[in-house]
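Biologist: I'm new to reading structures, and I would like a close look at a single part of this one. Please show me the whole first, and then take me in.

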Amino acid sequence: MSLQCGIVGLPNVGKSTLFNALTASSVPAENYPFCTITPHIGNVELFDQRLYELAKIYRPKIIIPATVEFLDIAGLVRGSSRGEGLGNQFLGQIRQTQAIIQVVRCFEDYNIGHVDGNIDPIRDVETIKLEFILRDLDTLEKQRSKKEKLSKSGDKVIIRELEVLNKLIEHCNSGHRARTFHANDNELVFFRSLQLLSGKPILY
């Protein structure tokens, strides 16, 4: 099974350009927002010399290298967590990935527009972070509502999960990513099952 990485960022920052470079693809990368609507998908094999050294010893019929699947996801905008700019659809696509690569524009070029009118990488990083946290809070509140009803049965597992949800909501309401939440060994399986956007590893 390949690792699935979502390439995210604001519109028109170079996500499709990076996708093309990583996957040797030629998807459109135009100078206007929302050039990408449907995610582009590309698989890249990871070369590992150790695999071929092992093959010399065990002589398998076929050698299957590890792969990474990259998803070029449409640009997110402020308000995506509320559905702005097809945000619900795009955030749902990100939820299916295991890791995130965020493209942040740091260069000035008056021929290439910016959705917010000027270049500010820190602001752009915070915009995506906030949208992820807001969507996670929506997910957590819905989960808490369900668990509160189920906890009336006295089920100890449900009660423990409800406690985790309450702590997570407090954590995210303080502006922290879910990834910085310290779950113990007993809480980790439930935490991972939530598939929180701000809980995924991210590379800039």
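Modeller: Happy to! Let's begin with a word: a residue is buried when its relative accessible area is under 20%, exposed when it is over 50%, and partly exposed in between (1.4 Å probe, protein chains only). By that rule, 41% of the protein's 204 residues are buried. Please keep in mind that this is a predicted model, where local features need pLDDT of at least 70 and side-chain atom pairs need 80 or more, while totals for chains, interfaces and linings use all residues. Residues are numbered from 1 along each chain as its sequence is written, and side-chain values use heavy atoms, without hydrogens or water.

Now for the overall plan. The protein has 6 helices and 5 strands (DSSP runs of H or I with at least four residues, and of E with at least two, numbered from the N terminus). Going along the sequence, you meet them in the pattern β-α-β-α-β-α-β-α-α-α-β. The C-alpha trace spans about 60 × 55 × 25 Å along its principal axes. Contact means heavy atoms within 4.5 Å. Among the contacts with a separation of 6 or more, 62% join residues 24 or more positions apart.

The strands come together as an open sheet of 5, in the order β2-β3-β1-β4-β5, with mixed pairing. The edges belong to β2 and β5 (202-203), each with a single partner strand, so one side of each has no neighbour in the sheet. Strands count as paired when DSSP finds at least two bridges between them. For β1 and β4 (residues 99-102), there are 4 bridges, and the two strands run parallel. You can find one place along this pairing by looking for C5, which stands opposite A99 in β4.

Here is the part I'd like you to zoom in on: Q4, which lies in strand β1 (residues 3-8). Is Q4 buried or exposed? Q4 has a relative accessible area of 16%, so this residue counts as buried. Which residues does Q4 touch, beyond its neighbours within four places in sequence? They are E69, L71, Q96, T97, Q98 and A99. You have already met A99 as the residue opposite C5. With E69, Q4 also makes a polar contact between side chains, at 2.4 Å. That term means a pair of N or O atoms within 3.5 Å; within protein, one must be able to donate a hydrogen and the other to accept it, and residues adjacent in sequence count only if both atoms are side-chain atoms.

If you follow the chain on from β1, the loop leading to α1 (15-23) contains N12. The phi angle of N12 is near 65°, a positive value in a residue other than glycine. N12 is buried too, because its relative accessible area is 15%. After α1, the loop towards β2 (40-45) holds A24. A24 has a positive phi as well, near 55°, and is not a glycine. In contrast to N12, which is buried, A24 is exposed, at 72% relative accessibility.

One last stop is a pair of rings, F47 and Y52, with centres 5.7 Å apart and planes at 20°, so the pair is stacked. F47 is exposed, at 62% relative accessible area, while Y52 is partly exposed, at 30%.

Key:
Phe/Tyr/Trp six-rings, centres within 6.5 Å; stacked < 30°, edge-to-face > 60°.
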